[in-house]
Amino acid sequence: MVENKKHTSGQWLVIVNPNAGSRKGEKDWHKISHMLKDAGIKFREVFTKHKEHATAIVSETIKTGTRSFIVVGGDGTLNEVVNGIFNQHNVLTTQFLVAMIPVGTGNDWCRMFGIPFNYNEAVNIIKTHNTFLTDIGLVSYLSTNKNARRYFINVAGMGYDAVVAAKTNHDKEMGRGGVLIYLKNLFISLLFYKHTQINLQIDNAPALSHKTFSISIGICKFNGGGMKQLPHAIPDDGIFNITLIKKLRKFTVLKQVKNLYDGSFINHPKVKTFTGSHIKISSTPPIQLEADGESLGHSPFEFSILPKSLYVVMGHNPSF
């Protein structure tokens, strides 16, 4: 359910990722900052310098009283900000407000919450700052054989989705980004990808075992630059939406790509959808994980949801 509610922001801290969107963050910050000033929005800015820097910035500025953040970046920068908020335990997470001006490649969270890709329109949304209290996800996994965990605000993908994300993230690090790069990796990864036997436990239901192509677990609908992987997701209902794609022939995958963009692929007999609030996944061999587009570790996984735990600024036409 959409909440049209005012949330007192005070002064905003703007976290700018200069590398987002093939360095659009750096190139476009000058005009974005002027738009913020012209809108009468009080802010100070800080630029990220390396991976996970946004998480560290948030953690430190919370100690000095910052409660409102604007992300000028993509889904990965937003994920880092969320983790900075949720990895501390001195301030309730519902005391924070997060807004976004999208300059990333995918911007899938913004698609869900109706945040315009036009900078001026996005700034006007922040000026109005109608807010929504969203669910947040938490996933535990293995990374270099050590237990790790990550909060996420959009979608986590496993299997094929995570392989594509890993290749795309490597390209971004090399200065190559954009939708065409993602689509290239989508098709190249398909040539070499092998299906995996997974065991899926949702809440207290009997465990399921399937030869699997990919699994998506999310709070929101979109990932991969506008693919509607979880078309029925609602971001404040306290449950995850789950899409499991069983073993498919490569030609079938290619035929279904166009149906990913409107969500109709879930009608394919090899696709199953579920909902749940506590999920466990194991596999042989291990499968990879990405969350909000960030490449993480591998299985086994355990997911839990934190209902209505963070205020975010939403647009006028959210996709729910």
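## Helices H2 and H3

A crossing of two helices is called right-handed if the near helix is turned clockwise from the far one by less than a right angle. In this predicted model, helix H2 passes helix H3 in such a right-handed crossing. Helix H2 covers residues 53-63 and helix H3 covers residues 75-86. Their axes come within 7 Å and cross at roughly 35°.

On the H2 side, the residues that meet H3 are His 53, Ala 54, Thr 55, Val 58, Ser 59 and Ile 62. Their counterparts in H3 are Thr 77, Glu 80, Val 81, Asn 83, Gly 84 and Ile 85. By class, this contact of H2 with H3 comprises five nonpolar residues, six polar residues and one charged residue.

## Helices H1 and H5

A second helix pair is formed by H1 (residues 20-38) and H5 (residues 119-128), whose axes come within 10 Å and cross at roughly 50°. Angles from 35 to 65 degrees fall outside the roughly parallel and roughly perpendicular ranges, and H1 and H5 are therefore oblique to each other. H1 passes H5 in a right-handed crossing.

The contact involves Lys 24, Asp 28, Lys 31, Ile 32, Met 35 and Leu 36 of H1. In H5, the residues met are Tyr 119, Asn 120 and Val 123. The contact of H1 with H5 divides into five nonpolar, one polar and three charged residues.

## Arg 150 in strand E7

Arg 150 belongs to strand E7, which spans residues 146-152. Since buried means under 20% relative accessible area, Arg 150 counts as buried at 8% relative accessibility. Its side chain makes two polar contacts described here: one with the side chain of Glu 52 at 3.1 Å, and one with the side chain of Asn 79 at 2.8 Å.

Not counting residues up to four places away in sequence, Arg 150 touches Glu 52, Asn 79, Glu 80, Asn 83, Gly 137, Leu 138, Val 139, Tyr 141, Glu 294 and Leu 296. Two of these residues, Glu 80 and Asn 83, are also among the H3 residues that meet H2.

## Ser 283 in strand E15

Ser 283 is located in strand E15 (residues 278-284). With a relative accessibility of 15%, Ser 283 counts as buried. The side chain of Ser 283 reaches the backbone nitrogen of Ile 287 at 3.3 Å, and a polar contact of 2.7 Å joins the side chains of Ser 283 and Ser 299.

Leaving out residues up to four places away in sequence, Ser 283 touches Thr 196, Gln 197, Ile 198 and Ser 299.

## Gln 288 in strand E16

Gln 288 lies in strand E16, which covers residues 288-291. Gln 288 is partly exposed, with a relative accessible area of 40%.

Apart from neighbours within four places in sequence, Gln 288 is in contact with Gly 157, Met 158, Gly 159, Ala 162, Val 163, Ala 166, Gly 297, His 298 and Phe 301. Of these partners, Ala 166 is 122 residues away from Gln 288 in sequence, with a C-alpha to C-alpha separation of 8.9 Å.

## Gly 315 after strand E17

Gly 315 is placed in the segment after strand E17 (294-313). At 6% relative accessibility, Gly 315 counts as buried.

Gly 315 touches Phe 113, Gly 114, Ile 115 and Ile 125, not counting residues up to four places away in sequence. Gly 315 and Leu 230, in turn, are 85 residues apart in sequence and 20 Å apart in space, C-alpha to C-alpha.

Definitions and conventions
Residues numbered from 1 in each chain as written. Predicted model: local features only at pLDDT ≥ 70, side-chain atom pairs only at ≥ 80, totals over all residues. Heavy atoms only, no water. Helix = DSSP H or I, 4+ residues; strand = E, 2+ residues; numbered from the N terminus. Buried < 20%, exposed > 50% of the residue type's maximum accessible area, 1.4 Å probe, protein only. Contact = heavy atoms within 4.5 Å. Axes fitted to C-alpha atoms, helices over the stretch in contact; angles between N-to-C directions. Parallel < 35°, antiparallel > 145°, perpendicular 65-115°, else oblique. Nonpolar A, V, L, I, M, F, W, Y, C, P; charged D, E, K, R; others polar. Polar contact = N/O pair within 3.5 Å; in protein donor to acceptor, adjacent residues only side chain to side chain.
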